[in-house]
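Here is a friendly walk through one protein model, from its main pocket out to a few backbone details. Keep the viewer open as you read.

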Amino acid sequence: DSVIAKVPIARARGVNWKVQFAYLRLVLFPQTPEELQQAIAGKWEDNEQFVSEIQPIPLQQFNEMFWRLFEETEKQMDCTRCANCCKVFHAGLPEGEIQRLAALKQMKYEEFLQQYVSIEQPTGIHFLKLNPCIFLNNNLCSIYDQRPQACRDFPRPPFENVNHNIRRVLINYTVCPIIFNTVEKCKVQLRDQYPKKPKSRF
């Protein structure tokens with residue numbers, strides 16, 4: 001099914017339907033890193049406005065809307081068209097996962113640690129240091145069923161209260177099409193539900 005057909009189009013007076021269609025296809029639905037980079041260009045001011053717009057929205061209402069749209073968007077996207085997170089992020093690894101990944105590479109623990117792992121200072125967190133990820137092959141994870149927990153959790157934000165952590169969400173907005181599309185859908189629905197009142201001339 002077409003992703004576009006599943007998204008409500010915001011009402012826009014005087015805007016040709018073809019323009020709205022093009023907007024939804026090119027701006028709301030980037031699915032590759034190249035499309036995402038094109039879509040986020042010039043979005044800084046709009047995102048700052050969005051941060052301000054959500055402040056008066058009841059907390060539960062915004063969070064419920066975000067998670068509903070996130071889950072909807074996650075089902076619509078094909079991560080194998082993107083794999084951007086595997087190309088730019090460094091997965092955090094507890095010691096047990098380092099040992100397991102070393103075994104998957106058929107390497108000794110110390111050898112794997114020296115060649116593929118770095119330590120973040122001052123947190124002491126270990127992470128895979130190479131980009132793209134050493135387990136990425138043609139946009140597919142070669143150890144998908146045994147991938148690290150950090151990879152399993154992404155891109156779901158690690159907090160239920162999105163409203164109070166919106167700037168952390170916006171960091172991943174520039175990397176992950178799922179987050180980008182979720183936030184853009186939130187903008188459309190909020191601005192449709194709470195349109196700006198025209199400023200009085202008096």
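The largest pocket of this predicted model has a volume of about 1500 Å³. Its lining is made up of 49 residues, and those closest to the pocket centre are C85, A150, C151, F154 and P155. Several elements contribute at least two lining residues each: helix 5 (84-88), strand 3 (125-128), strand 5 (140-141), helix 8 (149-153), helix 9 (166-173) and helix 10 (177-193). By residue class, the lining of the largest pocket splits into 33 nonpolar, eight polar and eight charged residues. As background for anyone who wants to rerun the search, rolling a probe the size of a water molecule over the atoms reveals where empty space remains.

Two of the residues closest to the pocket centre, F154 and P155, are also joined by a cis peptide bond, with omega of about 10°. P155 sits in the loop that connects helix 8 and helix 9. A further cis peptide bond runs from Q121 to P122, and its omega is near 0°. P122 is found in the loop between strand 2 and strand 3.

That loop leads to the sheet. How are its strands ordered? The sheet is open, has three strands in the order 1-3-2, and pairs them in the antiparallel sense. Strand 1 and strand 2 take the edge positions with a single partner strand each, so each of them has one side without a neighbour in the sheet. Strand 1 (residues 92-93) is antiparallel to strand 3 and pairs with it over two bridges; here G92 has F127 of strand 3 as its bridge partner. Strand 2 (residues 117-120) also runs antiparallel to strand 3, and four bridges join the two. In this pairing, V117 is matched with L128 of strand 3. Strand 2 and strand 3 form a hairpin with four residues between the strands, and G124 in that hairpin has a positive phi near 80°.

Positive phi values turn up elsewhere too, including at residues other than glycine. The table places four such residues.

| Residue | Phi | Place |
|---|---|---|
| G42 | about 75° | just after helix 2 |
| Q106 | about 55° | loop between helix 6 (95-104) and helix 7 (109-116) |
| G124 | near 80° | hairpin of strand 2 and strand 3 |
| N138 | near 55° | loop between strand 4 (136-137) and strand 5 |

Are Q106 and N138 buried or exposed? Q106 counts as exposed because its relative accessibility is 76%. N138 is exposed as well, with a relative accessible area of 71%.

The table also brings in helix 2, which covers residues 33-40. Its buried residues are P33, L36, A39 and I40. Viewed down the helix axis, these buried residues fall within an arc of 120°, so they line one face of helix 2. E34 and Q38, on the other side of helix 2, are exposed. Just after this helix comes G42 with its positive phi of about 75°.

Finally, the cysteines. How many disulfides does a search of the whole structure find? The search returns zero. A disulfide is a covalent bond between the sulfur atoms of two cysteines, and the cut-off used here is a sulfur pair within 2.5 Å. The sulfur of C151 has its closest cysteine sulfur in C133, 6.3 Å away, which is too far for a bond. Likewise, the sulfur of C176 is 6.4 Å from the closest cysteine sulfur, that of C79, again too far for a bond. As for their surroundings, C151 counts as partly exposed because its relative accessibility is 34%, whereas C176 counts as buried at 7% relative accessibility. C151 is also one of the residues closest to the centre of the largest pocket, which brings the tour back to where it began.

Methods:
Residues numbered from 1 in each chain as written. Predicted model: local features only at pLDDT ≥ 70, side-chain atom pairs only at ≥ 80, totals over all residues. Heavy atoms only, no water. 1 Å grid on protein atoms, 1.4 Å probe; cavity = no way out; pocket = protein on both sides within 12 Å on 5 of 7 lines; lining within 4 Å. Points joined across faces, edges and corners; volume = space filled by probe spheres on them. Nonpolar A, V, L, I, M, F, W, Y, C, P; charged D, E, K, R; others polar. Buried < 20%, exposed > 50% of the residue type's maximum accessible area, 1.4 Å probe, protein only. Arc of directions from axis to C-beta. Pairing = 2+ DSSP bridges.
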